[in-house]
Structure formats: C-alpha cells, structure tokens
Amino acid sequence: MQSMRGVRANSPLAASSIPRAPRVGYVLKMYPRYSETFIVSEILAHEEAGLKLEIFSLRPPSDGHFQDIISRVKSAVTYIPSHTPDAEILWDTITSAGSSLPRFWSALTSCGNEPVKNIYQAVLLAQLFDAKGITHVHAHFASLATSVGKMAAAFVGLPYTFTAHAKDLFHESVDPADLGRKLREAAGTVTVSDYNVRFLEDRYGTAAKKVRRIYNGLHLERFPYRSPDAESTGIVAVGRLVEKKGFGDLIAACALMRDRGQSVRCSIIGAGPLHSELHAQISDLALEHAVELPGPLPQNEVIARVQSARVFAAPCVDAADGNREGLPTVLIEAMALGTPCVASDVTGISELAIHEHSGLLTRPHDVDGLAGALELLLSDPHLCGRLSENARVLVEERFDIRRNTALLRQLFAAARIADEEAA
C-alpha cells in the first residue's frame with residue numbers, strides 16, 4: 001500500500017511516460033470497509049478476468065475488523081491525503097498539475113463550488129492517474145468518491161463512471177443538482193436494482209438516460225447451497241446496527257413470538273451506532289436469553305451461522321433521514337446458502353425475495369406480520385425447502401459475480417471507445 005503527500009513539479013508523478021494500456025482506477029471513500037465486501041468481490045472478479053486496476057482510497061480504514069477476502073486482492077492501494085493543505089502546498093500542487101496536464105486549467109474552472117480539500121485530493125489523484133497510466137475512472141457511491149473522482153478524471157481528460165447504491169441516492173443530505181450533474185457528465189452510471197433505476201429516471205429525467213442496472217454479485221463457490229435444517233430453530237440477521245436495517249422491529253417481533261409461546265433464539269450480527277439502544281431494548285423486553293448481539297464476525301463465521309439458522313431476517317425500513325436499503329448483499333448470501341428468508345418489501349428487495357417464491361415479504365414496521373412470517377418458516381419445513389431451492393436458482397441466474405462484472409467491464413470499454421472517438 002502507498003500513501004502520498006504534496007506532489008511537486010519535479011516529482012516522478014508529473015511524468016506521462018507510462019503507456020496507456022487499459023487500466024481502471026477505482027476511487028473509494030474508504031478502503032477496506034468491513035461492511036463493503038461487495039466492492040472487494042467486484043475487484044476480485046475483475047482481477048480474475050485479467051483487468052488491470054488500482055485502488056485509490058480517500059480516507060484511511062477505520063474499522064477494527066476486516067473480512068478475510070481482503071487478503072486476496074492483488075491490486076495496489078494508494079491512500080490520498082485527506083487534510084486541508086496550507087496555501088503553499090495547495091498552490092505548489094496545482095501549479096505542478098497545470099504544467100504536466102494539458103486539460104488541467106480549463107477543467108479547474110468548473111470546480112469553484114467544491115471544498116478545497118476535495119479539489120486538493122482530486123489534483124493529487126489526477127497526477128496519479130497520469131503517472132500510472134489509468135485509462136478509466138470508476139467510483140463507488142455517488143457522494144464523495146464520485147465528486148473527487150470525476151474532478152480528477154476531468155483534469156486528466158479521462159471518462160468516468162460510478163455505481164450508486166442507496167444512501168448516496170436517498171439520504172436527506174443528497175444534493176439533487178449535484179447528483180444530476182454527475183449523472184449527465186458520467187460516461188455511464190450503474191445502480192444495483194431496477195427500483196433504483198426507476199427512482200433516478202423519475203427524479204432526474206434525461207440526466208438519468210445512461211443509468212443501467214447491474215446487480216451486485218457473489219462468487220457462488222464461496223456460498224455452497226445446503227437444504228434448510230429442519231431441526232434448527234435459530235433466526236439470524238446480519239448488518240450494520242443502523243435504523244434502516246429494522247433490527248428494532250426484529251427484536252419486538254421476537255418478544256411477540258415469545259409471548260405467544262414460541263421458542264425464540266435470534267442472533268443479530270454486526271456493529272453500529274444503535275448497539276446500545278438495541279441492547280437496552282433486549283433488556284427492557286427481558287429477551288437476554290433469546291436475542292444476542294455478538295458484534296461483527298469474520299465472513300467465514302457469518303456464513304456458518306447463516307447456514308445453520310432456520311430463518312434469515314432482513315426487516316429493512318426507511319430511516320427518518322431518508323436513508324434506505326439498496327439490495328442487501330447479506331440477503332443475497334443467505335439465499336445462496338439455502339437459508340429461507342423473511343424481508344421487508346422496500347426498495348429493490350422484491351427483485352430478490354419474490355414473495356412466496358424465493359422468500360417471504362412483509363410490510364416495513366409491521367411487527368405482527370414479521371413475527372407471523374418468522375413463525376411460519378419455523379413451523380413449515382416444506383415451505384422452507386421450496387423457498388430455499390427457488391432462491392438459490394434465482395441467485396445463480398441474477399447474482400453471479402463473474403457474469404455481472406463482465407457487464408461492468410463492457411461499460412468501461414464502451415466509455416473508452418466513445419471517449420477516443422470524441423477526441
């Protein structure tokens with residue numbers, strides 16, 4: 001891994017001597033992140049297919065736990081300084097870029113509304129793109145990573161694309177004018193569900209004409225299918241402990257099931273800001289012996305726990321700040337493993353958990369309906385088996401990482417061809 005400080009005019013980064021063979025720069029706000037295994041899986045699939053890429057992280061990692069698949073990534077990672085520079089370093093960096101990048105000054109004029117820190121990072125990124133022979137820029141999330149990545153791409157004269165997920169579309173902090181510009185200027189935009197495509201088309205009109213849906217995917221061999229265990233009575237949920245995951249409703253549903261005489265054993269795996277609140281809810285409802293919060297676990301242990309459970313629960317809701325779920329990777333994983341699933345019918349989840357075919361859907365915040373769906377799966381092994389088999393088939397058809405990243409590479413290639421034709 002690399003880090004960098006201010007880039008001056010005599011730096012080797014100012015050179016443009018590296019041949020421009022296809023090489024993609026992945027711009028991420030933070031890499032790695034415990035909760036973003038879908039990005040790591042995507043990178044690994046690209047590497048497996050022979051794509052040359054480099055990773056650029058705008059923030060150092062802050063998680064205390066990392067998934068084991070991180071160690072399989074071969075691509076170089078560069079951490080971009082995230083502080084606001086003093087005036088001398090900023091000016092030296094800008095003049096260095098201006099002397100080596102022919103399109104820099106004209107592109108810089110369109111960045112007046114951006115924070116100084118973002119511009120500084122974009123200039124450093126642009127010099128790295130030039131020095132490392134990057135031919136295409138792709139960012140994950142339509143927020144900071146795309147803001148910095150698109151400026152850096154413009155400074156060098158490269159096409160950029162980005163993947164939009166959930167918070168970067170729905171949160172109250174999203175600036176519609178800013179997102180509209182990103183959609184218009186991108187060579188292409190990817191999002192993770194048909195629901196998101198419709199949302200962008202309805203909200204942004206012609207600016208969203210280049211948006212296409214490419215589902216996240218799995219390396220399916222890492223998630224071997226197993227028929228549901230008729231003897232298991234466990235319920236499992238996985239995710240960050242945040243409002244949109246709906247874990248408070250799951251705990252309430254467990255209390256309701258307990259009060260109806262149902263034996264309850266539920267594990268909610270993950271970490272997040274609501275840990276104390278959820279722990280207090282468990283205590284207030286006297287569920288200490290029925291519901292546990294084991295914290296974040298390595299992916300291999302998560303897989304084992306999900307596969308041994310009778311039911312996987314994803315009771316997602318729309319958060320008060322507008323944040324919503326995209327298409328939870330853990331739900332795809334659970335369905336691939338063969339664990340019957342109950343989920344809320346929000347955003348694109350119904351594209352995965354098709355009601356009474358590949359899963360059971362309930363209304364968000366419907367605690368009684370959630371409890372009833374969980375009880376049904378705990379008591380009906382035939383239904384569990386049918387949902388499980390159908391879910392695995394659907395995952396194989398729609399969420400194979402190799403097939404889906406091939407579509408993404410086609411998008412990169414088309415963007416490069418279009419850029420060359422326009423030059």
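**Entry 1. Surface and overall build**

I looked up the exposed area to begin with. The protein chain exposes about 17500 Å². Carbon and sulfur atoms supply 51% of that area. I note here that this is a predicted model.

Next I asked how much of the chain is buried. Buried residues come to 58% of the 423 residues.

I then turned to the overall dimensions. Along the principal axes, the C-alpha atoms fill a box of roughly 75 × 40 × 40 Å. The radius of gyration is 23 Å. For 423 residues a compact globule would have a value near 22 Å, so the chain agrees with that expectation.

I also checked the contacts across the sequence. I took those with a separation of 6 or more. Residues 24 or more positions apart account for 77% of them.

For secondary structure I listed 15 helices and 14 strands.

**Entry 2. The six-stranded sheet**

In what order do the strands of the open sheet lie? I read E11-E10-E9-E12-E13-E14. The sheet has six strands, and the pairing is parallel. Strand E11 (291-295) and strand E14 (360-362) form the edges, since each pairs on one side only. From one strand to the next, the twist averages 25°.

I took a closer view of one edge. Strand E10 covers residues 266-269 and runs parallel to E11. Three bridges join the two strands. One pairing I noted is cysteine 266 with its bridge partner valine 291 in E11.

As background, strands of a sheet pair through backbone hydrogen bonds, in parallel or antiparallel fashion.

**Entry 3. Helices on the sheet**

Which strands does helix H11 touch? Helix H11 (residues 299-308) packs on the sheet and touches strand E9 (235-238), E10, E11 and strand E12 (311-314). The direction of H11 makes about 145° with that of E9.

I looked at helix H13 as well. Helix H13 spans residues 367-379. H13 lies across E9, E12, strand E13 (341-344) and E14. Its direction runs at about 165° to E14.

**Entry 4. A salt bridge between E11 and H11**

I stayed with E11 and H11 and looked for side-chain links. Glutamate 292 and arginine 305 meet in a salt bridge, at 3.0 Å from N to O. Glutamate 292 sits in strand E11 and arginine 305 in helix H11, 13 residues apart. I checked their exposure too. Glutamate 292 has a relative accessible area of 37%, so I put it down as partly exposed. Arginine 305 has 27% relative accessibility, so arginine 305 also counts as partly exposed.

**Entry 5. Other salt bridges**

How many salt bridges does the structure hold? I found 18.

One of them joins arginine 258 to aspartate 259. Their closest N and O atoms are 2.7 Å apart. Is each partner buried, partly exposed or exposed? Arginine 258 is at 31% relative accessibility and therefore counts as partly exposed. Aspartate 259 is at 58%, so it counts as exposed.

Another joins glutamate 54 to lysine 132, with the closest N and O atoms 3.3 Å apart. This pair links distant parts of the chain. Glutamate 54 lies in strand E3 (residues 53-59), lysine 132 in helix H4 (residues 116-132), and 78 residues separate them. Both glutamate 54 and lysine 132 are buried. I followed the links further and found a network of salt bridges that holds Arg23, Glu54 and Lys132.

**Entry 6. Strand E3 and its partner**

Glutamate 54 led me to the rest of its strand. E3 is mostly covered, as seven of its seven residues are buried. Strand E2 (residues 24-30) runs parallel to E3, and six bridges join the two. I noted one facing pair: methionine 30 stands opposite arginine 59 in E3.

**Entry 7. Alanine 164**

My last stop was a single residue. Alanine 164 has its place in strand E6 (residues 160-164). Its relative accessibility is 1%, so alanine 164 counts as buried.

What does alanine 164 contact, leaving aside neighbours within four places in sequence? I listed Ala142, Leu169, Val190, Thr191, Val192 and Asn196. I looked at threonine 191 more closely. Threonine 191 is 27 residues from alanine 164 along the chain, and 4.9 Å separates their C-alpha atoms.

Note on methods
Residues numbered from 1 in each chain as written. Predicted model: local features only at pLDDT ≥ 70, side-chain atom pairs only at ≥ 80, totals over all residues. Heavy atoms only, no water. Helix = DSSP H or I, 4+ residues; strand = E, 2+ residues; numbered from the N terminus. Axes fitted to C-alpha atoms, helices over the stretch in contact; angles between N-to-C directions. Contact = heavy atoms within 4.5 Å. Salt bridge = Lys/Arg side-chain N within 4 Å of Asp/Glu carboxyl O. Buried < 20%, exposed > 50% of the residue type's maximum accessible area, 1.4 Å probe, protein only. Rg over C-alpha atoms; globule rule 2.2 N^0.38 Å. Areas by Shrake-Rupley, 256 points an atom, 1.4 Å probe, with all protein chains shown as cover.
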